[in-house]
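Good morning, colleagues. Please look at the structure on the screen while I go through a few of its features.

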Amino acid sequence: MGTRCGCWGIGLVHVLFILPIQIGATFTSHTITISATRFTLGPAPFTTRTFVGRPAVGKVGTPVRVVANHYALSLLNNITVHHYDVVISPEPTKSLARKVWAEWERAHGAKLGVMAAYDGVKNLFAPKPLPQDHMQFDVVLPATTEGKRAKEFKMTVKLASTINLSELTSFLAKHTSLPNNVLTSIMALDPAGRSFFDPTSRPVDLGGGLNLLSGLFMSVRPGVGTMTLNTDTAYTAFYKPLPMVEFAREVLGRAMPPATQELMPRDLIRLEKMVRLLVVTAKHRGALNPRSRVLKLTRTSAAKTKFTLSPPAPPAEGAAAAAPAGATGSPAKGGKKGAAGKAAAEQTGESKL
């Protein structure tokens, strides 16, 4: 996409026209007639066929050697990359798709003897072909929390194209015009995440329950005559791995109130904004250590929060239908709880700081 500009004026009034130009489009000269005065915009008809190349390298001034954080990539000729389309059903979120891919590598990738790169969406690139052009795999993510079932996915992999990186090399060397596989070739060289952080490095305390970690940014980009690897330092903030009560103390900037005292509404709103959608691990369940995602915080303390436990499914005909005592999940009078009520109290204790 480009633009063409033209202007006309009457006295002190000037009007600027900006006309869009698309590659492959043909344009003719334009005329405007105002008060019997004729103005012509643009030259004779012309057609654009490809990107406009740089006419020449500048020769005015003194050459200066510049050191940049780009490293030339070599040995790209005669390398074949196999591009596959990936469809995961049911469709997962982007973070869950990464977990599905990691499980596929563990369960199927090693058996097939194929090292591949996945962009987390629908593109898979491999230096060697899969045994078949169209394959389907069953991927099962094991349950990480008590009471939850394992998640099953079907991953379909279909060959989309076969790319020879020599086409990209020839284009960068200006030996050929823009081939169809150039953009796909660049994507094949740079499909994964670009920023990497070491959680074992020394963090910088930002306060408010956050740490600053330094890492490395990497990206493969086209250069003059070759592809280059651009590297740079990267910094981002991470949540501190703290017990939830200690994390809340840092967020609020003061000591937490006693367990019997509830938070002020303004403090509860501030804390909820920080912890919403975070994944937390319960440490008081022995070897289970269930992981849960925080959706919201209750407005009451754990001691005052109650819920009704849904009754169990009715037994089959002929089976004993006696219900155990204390199946409501709410504390009984006198402070005693049934077995289900005790479990419910444990669950509510996890949902409130």
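R291 is placed in strand β18, residues 291–293; strands here are DSSP runs of E with at least two residues, numbered from the N terminus. This is a predicted model, in which local features need pLDDT of at least 70, side-chain atom pairs count only at pLDDT 80 or more, and totals for chains, interfaces and linings use all residues. Residues are numbered from 1 along each chain as its sequence is written, and side-chain values use heavy atoms, with hydrogens and water left out.

Is R291 buried or exposed? R291 counts as partly exposed because its relative accessibility is 44%, and that class lies between buried, under 20%, and exposed, over 50%, with a 1.4 Å probe and protein chains only. On the surface, R291 joins K99, K151 and R293 in a patch of positive charge. Such a patch takes residues with over 30% relative accessible area and no salt bridge, like charges being joined within 9 Å; a salt bridge would be a side-chain nitrogen of Lys or Arg within 4 Å of a carboxyl oxygen of Asp or Glu.

I turn now to strand β15. Residues 210–222 form β15, which pairs antiparallel with β13, residues 195–197, over 3 bridges; pairing requires at least two bridges found by DSSP. Here F196 lies opposite L216. With β14, residues 204–207, β15 is again antiparallel, through 3 bridges, and G207 has L210 as its bridge partner. Their hairpin leaves 2 residues between the strands, and G208 has a positive phi near 65°.

Finally, 13 bridges link β15 to β16, residues 227–239, in the antiparallel sense. L213 is partnered there by T236. In this hairpin, with 4 residues between the strands, G225 adopts a positive phi near 85°.

Conventions. Patches are made of residues with over 30% relative accessible area and no salt bridge: like charges are joined within 9 Å, nonpolar side chains (Val, Leu, Ile, Met, Phe, Trp, Tyr) within 5 Å. Accessible areas come from the Shrake-Rupley method with a 1.4 Å probe; for residues, only the protein chains shown count as cover. Lys and Arg count as positive and Asp and Glu as negative; His and the chain ends are not counted. The place of a charge is taken as NZ of Lys, CZ of Arg, CG of Asp or CD of Glu.
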